[in-house]
Structures are given as structure tokens and as C-alpha cells.
Amino acid sequence: MSPCKALLVVPRFGDSFWNVRVGGGRYPSIPLGLVTVAALLPASWTCRLVDRNVEALSDEDLDWADMVMTGGMLPQYSDTLTVIALAQARGKPVVVGGPDPTSSPEKYAAAEFRVLGEVEKVMAEFVAAWDSGARRGLFKAEPFSVDMTTSPIPRFDLLNPRYYNYFSMQFSRGCPFNCEFCDIIELYGRRPRVKSVDQVLAELGTLWDFGYRGQVDFVDDNLIGNKKALRQLLPRLIAFQEERGYPFKFSTEASINLADDDALLEMMRRANFFWIFVGIESPDADTLVQTQKKQNTRRSLADSVHKLYRSGMIVVAGFIVGFDSEKGSVARPMIDCIEETAIPLCMVGLLYALPNTQLTRRLEREGRMAMGSGRQGGESAPSDQTTQGLNFRTLRPRRDILVDQRTIVAEIYDQAAYFRRVRRLGRMLDGFRPPPARPSKGPLDARPASEATVAPPTPKAKGPHWLFPALCRAVGLGGVSMVELEIVFRSLWQVALRDRRLFAEICRTVADCLMRNPSAFQAVMRMCIFYLHMGPFARRVVAEMDRAIAWEDAHPACSYAGPQ
Ligand code: B12
Ligand code: SF4
């Protein structure tokens, strides 16, 4: 097997709900797909990784490589094409893969190689072809066939931890439910496949050995998709955490029926799960039935969410506007639902018919798929479904849906409304207080555990940085990492200088939490800091919606997507 130099390039995401970069210049999460790919390459190959979300891709990088490997998800499409062009201009062959090339391979025909699907098995075939001199090719994994126990420990060593807010890992792929708009079940199947418990602990152990401490995101499609396997994992995860003094706190995605399982909730709490993304989609039962999201029906959403709060987990939720079943404006019921559940952070998006979904197939049958991308705004539009969607002919007037989206985003991210929800969350959340993490001596960072994730690569703001951590310790709020405290302090310092009204709101919210429920302090602080991203982001979404509505008004006869 001849040695090869592979340059892995992470394409850029645009501005987005998810792209929270407050208090530092970091990118939220690591490119888990590409570091998994790197781990599948022969040991004799040399890999380098450049993440265009945090660093520049130079000609020297490209000249070093024998091949460039790139790809990712839909919002990275246009930058993936840019990377392909840049590499080819330096005479380097390109290999693309990842969820979007898998869903829409034809869009990536410019690349010399397309290696599609979950590549754990098919990678060997590609490497053999490369070794035998092939310089073009299409390799496709059989869908849902990968045994997760064969997925290697990702090459975390290729990442610069200074660039990321948190690390991630994956326990399972797939989800047993059958939501009509969902592409996860098409890409990863409805029978969740899991890694072994030993595998998960080995991955966490690798992060521990590197000296990483802090948030680890389980990027599972639905962590409770295979409850039996999760019940086997959690006791060992708790033991791992206890033995090391709780070095990690976990976030994940799960369906709302998690709230029905007290035993599981208690184990997740003891393992230190603190953050959970839940797809609520709509408060309207007919819509949930029509979109096949029946697990969200026959329950009080507010009761379920509040139960998750009482189990120590912050809930972040996804909502969708633009379903066929909407009989009139959905703005008020959705705002009321968000208020009642007291979820501060909600991703409210326009329905998007993703490639290869049941929804897209139905709309095609009905002759309703629109041409174009469904982009609502101009080039500055965020690269997610807050402004991009409705890439089909809607049943309700398109303008009305856009007005709903505008109204909901404007109201829920109004400063007073947002912080009211944070205060309610702060009173309900039963924050888990694990003992402070033990010091580490890993190769990435040999500082004490609480400082192990390193400062962002941005110039430091002026201000007394020691003050906030000292205050936290003084009021008995240890266990918060120094990096988090530094981000909090730096952000607050900037707010205090620039926006007195917002600063006052944050002070009021923090005071409310300290007086009524100090165990929720970390969560409340986190939510306050998120507003520094969400406030301006919501204003950009509202402006994009205004532009899209104006476009609809100017083109009343056109029933399809707005400006493309
Ligand atoms: C975690 C996650 C997120 C996170 C973090 C994303 C990030 N920055 O990495 C957050 C929450 C931010 C997110 C947001 C969104 N996401 Co997302 N996300 C995921 C999720 C659940 C896990 C991703 C992951 O790390 N997987 C683990 C790795 C190991 O798997 P993988 O990336 O698929 O990699 C494997 C193969 O694809 C392949 N591979 C990957 N890259 C490459 C490259 C090469 C060269 C090769 C050969 C192979 C290869 O090898 C790996 C091993 O088999 C996936 C679903 C899933 N199960 O993957 C959705 C998914 C990727 N997201 C998706 C979407 C649509 C979005 C959003 C647009 C949703 C929205 N409502 O706005 C936003 C946009 C984000 C943005 N603009 O910033 C879709 C993408 C569909 C598509 N056609 O591209 C997915 C597939 C499912 C879904 N609907 O959520 N997401
Ligand atoms: S619950 Fe979530 S992951 Fe599962 S099918 Fe529905 S949308 Fe997809």
C-alpha cells in the first residue's frame, strides 16, 4: 500500500442559528464526519485537516497534498464546490462524501471521486482503487449496512481544540420514528444501530487522555432510539464520570417521549446530560398527525418539557412553519406554546423538502416541488431553515407563512420575552452539581481540568478577568470551567460597555436565579450569553422575512419560491 498525503477540508457554513460564536471566535462543533473518515484511511497515509470555518485554506496546504477530501451537509454545498475548484486549480484530485453528496450525488459530479453513504465499509474499496492507479470513481455504501461496532475512534488528534466550543461523538445512527419531512431515516434508517459500550468509553477515554474537559455532544439522531442499548450504556457512563470527577457534560438530541421514562431520565441526569434538543415542530395535533410525528401527540408538551427541566436538562426545541395541514395563521398558537413551555432557545424554521424524503416524494407526485433552492433572502441570508425553505408550492398563501415566521421570530426573541422565559427556566431547572473535575495531564493541555479547553484565538477583551470566577467560587458555584467563566465574563463586560438595557436584563435574570434556584446558575448564564447571538440573529431573520414578503407583494401572480 503506497503512502498518500490526504488533506481533509471542512467546507464553510454560513451565518446560522447554530453558529454561536459569542465571547470568543470559536466554531461550535468539530467536524466529526471528516475525522471519522481520517480514522478509516490506511495507517501509512498522512492526514492534515483544515477547517474553513476557523482557518484559511492556503495554496501551500493544497500543494502538500496528494488528494483533497471534502464534503458535508446541505448548507456547505456552495463552499464544497469552491474547495473542489481550488484543489483542482492546483492539480489535486478531490474525493467528496458526507450527507449532502450522498443525498444529491449529481450536484458533486465535478469531484474526481464520490464516496457515498456511511463509508466504514466502502472506504477500503476506494483505497484499493486509488492504490491501483484509479483517478476517478463512484463508490456507494449499501444503505444502513454499517455495523457501528466497526466505526473507528475518530482522529481527534487532527483537530485544534482551540477552534471549537465542544467536541462530539456518536453512539447510534438512525431513528425508529417516521416523520414525513425527515431525511435521517432515509440516510441512516429506522433501526438504530449502536456502538458497543466499550467503544463509547474508549472514545471518551481518548478525549480524556488528550486532556479535553467540558461539553461532549452525542450527535445521535435520537439518543433514545434504542432505549435498551442506552440503558446498558448509562450505568457505565456514570461510573466513568464518577471515577474521573465528572470531566464531561453531555448534550444530545432526543424525542419528547424521553419525558415518559423516569428511570432513564434519572440515569441521564447522573451521567451529567445537561442539554437536549427536541423536535416539537408544531403545537397543532392535526399537523403532528399529518406529518407522522405521533410521538408528540396525546401529551401536554409543557408538562413533558418541564419534566425534562426538573431532570436537569435544558431543552432547546425545533419548530416548523409551512405544513400543508395549517388551516390559518399558526403564529399565535406557536408563540403561546413556546411561552407555556418556557423554552428560551427555539429554532423556528420554514418547512424544507429535503432531498429523498417522504415529503419530497409526495410533493413530486402532487407536482408541487418548486424549481430553485427555496432561498428566501439574498446572499447574506443565514444558511439554515430560519430563512431558507418552502422549496415547494405551498397550500396556504406563501406570503402568510412568511408573515407567521416573521411574527414568531420577532416575538419570541424580543428581549423582554426571551429573558422572561430564561427566568422561568431558571426557576424550574434542577441543576445537577457534580464535584469539580480533576486535574488532567493530557498532551493537548496540561493545565488543571477546569482550564483544559483553551482560550479562543481572538484578542482578549480588557477587564478584570479574575473577578467573575472569584465571585462564582465565593457564592459556592464551583464546577464551572474557567473557559466558560472567561467567555461569560468577557461577553458580559462587552455588553456592560455597549448595551445597558440588555446588561440590566441579564443582571435581573441572574439575580432571580441566584435568589430562587442557584443550581440553575450555569444554565441561566449560558442562556443569557446565547442571547448575544440570538438577539442580532433574530433581527437578521426578521429583515430577511421583510424582504421576502416585499418580494411576494411585488410578484403576486408567482406562487413558487421567491428570489432565487
Ligand atoms: C450534529 C448534527 C448537526 C449539528 C452540528 C453540525 C456540525 N457543524 O457538524 C447542528 C445541530 C449544528 C446541525 C445543524 C444543521 N443540520 Co445537522 N446534523 C447533525 C447530525 C445529527 C450528526 C452529524 C454528525 O456528526 N454525524 C456523525 C458522522 C460520523 O457522520 P457523517 O457526518 O454522516 O459522516 C459519515 C459519512 O457521511 C461519511 N462522510 C462524512 N464526510 C465525508 C467526507 C468524505 C470525503 C467522505 C469520503 C465521506 C464522508 O463518513 C462518515 C462515516 O461514515 C446529522 C445526522 C447524522 N446522523 O449524521 C444531521 C444532518 C447532517 N444535519 C442536517 C441538516 C439539514 C442540518 C440543518 C440545515 C438543519 C436546520 N434545521 O437548519 C442545520 C444546518 C447547520 C448550519 N448551517 O450550521 C442534515 C443534512 C442533510 C443534507 N442533505 O445535507 C442531516 C443529515 C440530518 C438532519 N436532517 O438533521 N446539525
Ligand atoms: S423523531 Fe426526529 S430523527 Fe426521528 S424520524 Fe422524526 S424528525 Fe427524524
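Start by selecting helix α1, which with 5 residues is the element that gives the most to the shell around ligand 1. Keep in mind on this tour that you are looking at a predicted model.

**Stop 1: ligand 1**

Now show everything around ligand 1: 43 residues surround this ligand. Which of them are closest? Pick out Gly-33, Gly-97, Gly-98, Asp-100 and Asp-384. Next, colour the elements that each supply at least two residues of this shell: α1 (32-40), β4 (67-70), β5 (94-96), α4 (99-103) and α6 (184-188). If you colour the shell around ligand 1 by class, you should find 21 nonpolar, 15 polar and 7 charged residues.

**Stop 2: from β5 to β6 and β7**

Stay with β5, one of the elements that supply the shell around ligand 1, and step across to its partner. β5 and β6 run parallel and are joined by 2 bridges, with Val-96 opposite Arg-114 of β6. Carry on from β6 to strand β7 (residues 137-140): these two strands also run parallel, through 4 bridges. Here Arg-114 has Leu-138 of β7 opposite.

Select strand β6 (residues 113-116) by itself and show its side chains. In a regular strand, side chains alternate between the two faces of the sheet. Are the residues of β6 buried or exposed? Phe-113 and Val-115 on one side are buried, and so are Arg-114 and Leu-116 on the other, leaving both faces of the strand covered.

**Stop 3: ligand 2**

Move on to ligand 2. Among the residues that surround it are Cys-175, Cys-179 and Cys-182, along with Phe-177, Asn-178, Ile-184 and Ile-185. Further along the chain, add Asp-221, Asn-222, Ser-255, Gly-279 and Lys-293 to your selection. By class, this shell around ligand 2 holds 6 nonpolar, 4 polar and 2 charged residues.

**Stop 4: the seven-stranded sheet**

Switch to a cartoon view and find the open sheet of 7 strands, which pair in parallel in the order β2-β8-β11-β12-β13-β14-β15. At its edges are β2 (27-29) and β15 (346-350), each pairing on one side only. Neighbouring strands in this sheet are turned by 20° against each other on average, direction ignored.

Zoom in on the β15 edge. Strand β14 (residues 314-321) pairs with β15 over 5 bridges in the parallel sense, and Gly-318 has Met-347 in β15 as its bridge partner. Then add helix α14 (residues 398-412), which packs on the sheet and touches both β14 and β15. The direction of α14 makes about 165° with that of β15.

**Stop 5: two backbone angles to check**

Most residues other than glycine have a negative phi. Select Glu-281, where phi is positive, near 70°. Glu-281 belongs to strand β13 (residues 273-281). It counts as buried because 23 other C-beta atoms lie within 10 Å, and the cut-off is 20 or more.

Then go to Asn-356, also with a positive phi, of about 60°. Look for Asn-356 in the loop between β15 and α13 (358-365). Asn-356 has 14 C-beta neighbours inside 10 Å, so this residue is partly exposed.

**Last stop: confidence**

Finally, colour the chain by pLDDT. The protein chain averages 89, and 87% of the residues score at least 70. Where does pLDDT stay under 50? Select residues 439-465; for this stretch the model has 58 contacts beyond four places in sequence.

Definitions and conventions:
Residues are numbered from 1 along each chain as its sequence is written. Chains are lettered from A and ligands numbered from 1 in the order in which they are written. This is a predicted model: local features need pLDDT of at least 70, side-chain atom pairs count only at pLDDT 80 or more; totals for chains, interfaces and linings use all residues. A residue is near a molecule or strand if its C-beta atom, placed from the backbone, lies within 6 Å of it. Ala, Val, Leu, Ile, Met, Phe, Trp, Tyr, Cys and Pro count as nonpolar, Asp, Glu, Lys and Arg as charged, and the others, Gly among them, as polar. Two strands pair if DSSP finds at least two bridges between them. Axes are lines fitted to C-alpha atoms, for helices over the stretch in contact, and angles run from 0 to 180 degrees between N-to-C directions. Two residues are in contact if their C-beta atoms, placed from the backbone, lie within 7 Å. pLDDT is the predictor's confidence in each residue, from 0 to 100. A residue is buried if 20 or more other C-beta atoms lie within 10 Å of its own, exposed if 12 or fewer, and partly exposed in between; C-beta atoms are placed from the backbone.
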